[in-house]
Amino acid sequence: MNELYAIYPELYRLGTLPRNYLRNPENSIRIIGRGKWHAPGASMYAILPVLDKSI
């Protein structure tokens, strides 16, 4: 869950996260502290209502 919370500010900053954005080690290390990230899109959508009450 903490990794998902870390990703959302980047999503808001960029406005979109391309499919391979977090597979780039430079991006994933900076954002989540790991060299690789792969999660189904559904897991990212699942916490949107928690992060933004208007959803």
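**Note on Glu10 and helix H2**

1. Leaving aside the neighbours within four places in sequence, Glu10 touches four residues, namely Leu17, Tyr21, Arg30 and Ile31. The model under discussion is a predicted one, and the points below should be read with that in mind.

2. Glu10 itself belongs to helix H1, which spans residues 2–14. Its relative accessible area is 6%, and because buried means under 20%, Glu10 is classed as buried. Among the contacts of Glu10 there is a polar one, in which its side chain meets the side chain of Arg30 at 3.0 Å.

3. Turning to helix H2, which covers residues 25–32, the buried residues are Asn27, Ser28, Ile31 and Ile32. These residues take up an arc of only 90° around the axis, and therefore they lie on the same side of H2. Helix H1 is included in what covers the buried residues of H2.

4. Asn27, a residue of helix H2, deserves a separate remark. It has a relative accessibility of 11%, so it counts as buried, and the side chain of Asn27 reaches the backbone oxygen of Tyr21 at a distance of 3.0 Å. Tyr21 also appears in the list of residues in contact with Glu10.

5. Both ends of H2 can be described as well. At the N-terminal end, Asn24 acts as a cap, with a side-chain oxygen placed 2.8 Å from the backbone nitrogen of Glu26, whereas just after H2 comes Gly33, which takes a positive phi of about 80°.

Technical notes
Residues numbered from 1 in each chain as written. Predicted model: local features only at pLDDT ≥ 70, side-chain atom pairs only at ≥ 80, totals over all residues. Heavy atoms only, no water. Helix = DSSP H or I, 4+ residues; strand = E, 2+ residues; numbered from the N terminus. Buried < 20%, exposed > 50% of the residue type's maximum accessible area, 1.4 Å probe, protein only. Polar contact = N/O pair within 3.5 Å; in protein donor to acceptor, adjacent residues only side chain to side chain. Contact = heavy atoms within 4.5 Å. Arc of directions from axis to C-beta.
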